[in-house]
Amino acid sequence: MSKNTLIKLSIFGLPLIFIFSQCLNFKGKENPRGENYAGSAACISCHKEVYQSYLHTAHYMASQPANGNDIQGSFTKGSDEFVFNPHLKVVMTKTDSGFYQTSYEDEKKGESRRFDVVFGGVKGQTYAYWLTNELFQLPISYVDNTHSWINSPGYEPNRVAFERSIGTRCLGCHASSIKQEAPDLPGYYNGFEGFDKTSMVYGVDCERCHGPAAAHVEFQTANPQVKTAKYITTFKSLTREQKINMCGICHSGGNNRLVKPTFGFKPGDTLSNYMRIIHINAPANFKQIDVHGNQRGLLESSKCFIKSNLDCSTCHNTHINERDNVTLYAARCIACHNSTSHIECKMTGKLSAPVLTTNCIACHMPALASKAIIAGQAQTLVHTHHIAIYPEETQKVLALLKQ
């Protein structure tokens, strides 16, 4: 076997091996979400190209079991620690039993916990460990913009914390399913949640957005000549409100009160049955919303949304990694903002066409610092979904063009 072939297998084959292993883990026993669910591996035979593309999206990377390939931070000597102060640090180590974060105070070894779950992988990652059947966030996270380990967001600057619980509020957006059970250590961490960790369905998978697929797979397999999708929810079949609600399950922000775990939400369901949404109706109120998390609220406060039938899928193809493809997103803006519609960008004629087709997002959906994600001096920038005119951002773009 050639070296190139081995490289290709490692890039494309290993993710698929993991998917199939997830499927095989439940072979011969009940699917963790019930008999109506088929599991994502069942989608591959008919939707291989779509699925291979989806493997590179942020939704797929929302959570993964921790291993050396998924952890982005470095375990190399000199880059394997985060120093809080001259007396306190956390060291990242690799052993035969896994990867660990270990605290040291005045060089004395303290608590040590294993990387068990990885959350994220686009702008950064945070990590979690299992303590019996309870899940906790590790003290050190990773940010991509500085390629460095950081104190996990929201943690105290001079204390190593291993006790922040991760519950259904977090997992409801970073996983597709997990079964709750009584915590093994209710007296140790009172009020925290317990889970059957073997039932966790990682990432945001096909059936999270399209609904249970067992009947669909059975029918289409038995009737390959039928090209119309049966017994499955297609996004285009939903109303605008249903589409917004489907995305809003995770993209409505953390301030909305959870009524019940969102794992049971299926496309077409009523969002208010799962959470109480705080609506920001007036466009002028958008500054109350943080750019991280509540994309629904920001979008709903935009004139583009209010005066059109725009929904999330107008601009986003969730099956494809389109990150940083500014020309593609600009083309979607121009599909509405053109001479035919008489709502052209005011810079039309003042700037060349190539400039306009690469700067729609920079001017009208700028990347702003999140107040919700603060980790030391590292700022996390997220494109706002409040589509508007930002004069200061326009001036920045014009200044760059003059250089």
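Helices in this report are DSSP runs of H or I with at least four residues, numbered from the N terminus. The model described here is predicted.

**Backbone outliers in loops**

Tyr-231 is found in the loop that lies between helix H5 (214-222) and helix H6 (240-248). Although Tyr-231 is not a glycine, its phi is positive, at about 60°. Most residues other than glycine have a negative phi. With a relative accessibility of 55%, Tyr-231 counts as exposed, because the exposed class begins over 50%.

A second case is Asp-324, which is likewise not a glycine and has a positive phi of about 65°. Its place is in the loop between helix H9 (312-315) and helix H10 (326-334), and at 73% relative accessibility Asp-324 counts as exposed.

**The hairpin of S4 and S5**

Strand S4 (residues 98-105) and strand S5 (residues 108-114) run antiparallel and are joined by five bridges. Within this pairing, Thr-102 has Ser-112 in S5 as its bridge partner. Two residues stand between the strands of the hairpin, and Asp-106 takes a positive phi there, near 50°.

**Salt bridges**

Side chains of opposite charge can pair when their charged atoms come close. The structure holds 13 salt bridges, and the table gives three of them with their N to O distances.

| Acidic residue | Basic residue | N to O distance |
|---|---|---|
| Glu-207 | Arg-33 | 3.4 Å |
| Glu-111 | Arg-113 | 3.0 Å |
| Glu-300 | Arg-296 | 3.2 Å |

What separates Glu-300 from Arg-296 along helix H7? The two residues are four apart in helix H7 (residues 295-300), and therefore they are separated by about one helical turn. Glu-300 is buried, as is Arg-296, and their salt bridge has its closest N and O atoms 3.2 Å apart. Elsewhere, salt bridges that share partners join Arg-33, Asp-205 and Glu-207 into one network.

Within that network, the side chains of Glu-207 and Arg-33 meet in a salt bridge of 3.4 Å, N to O. This pair links distant parts of the chain, with Glu-207 in helix H4 (residues 206-210) and Arg-33 in the loop between helix H1 (3-25) and helix H2 (44-54), 174 residues apart. Are these two residues buried or exposed? Both Glu-207 and Arg-33 are buried.

The salt bridge of Glu-111 with Arg-113 has its closest N and O atoms 3.0 Å apart. Glu-111 counts as partly exposed because its relative accessibility is 30%, and Arg-113 also counts as partly exposed, at 21% relative accessibility.

**Aromatic rings and charges over their faces**

A pair of aromatic rings is described by the distance of the centres and the angle of the planes. The structure holds 16 aromatic pairs, and one aromatic cluster is formed by Phe-75, Phe-99, Phe-115, Tyr-127, Tyr-142 and Trp-149.

Arginine side chains also lie over ring faces in this model, as two cases show. Arg-240 lies over the face of Phe-305, at 3.8 Å from the ring centre, and Arg-332 lies over the face of Tyr-329, at 5.6 Å from the ring centre.

Conventions. Residues are numbered from 1 along each chain as its sequence is written. This is a predicted model: local features need pLDDT of at least 70, side-chain atom pairs count only at pLDDT 80 or more; totals for chains, interfaces and linings use all residues. Side-chain values use heavy atoms; hydrogens and water are left out. Two strands pair if DSSP finds at least two bridges between them. Rings of Phe, Tyr and Trp (its six-membered ring) pair if their centres lie within 6.5 Å; planes under 30 degrees apart count as stacked, over 60 as edge-to-face and the rest as tilted. A charge sits over a ring if NZ of Lys or CZ of Arg is within 6 Å of the ring centre and within 35 degrees of the ring normal. A salt bridge is a side-chain nitrogen of Lys or Arg within 4 Å of a carboxyl oxygen of Asp or Glu. Buried means under 20% relative accessible area, exposed over 50%, partly exposed in between (1.4 Å probe, protein chains only).
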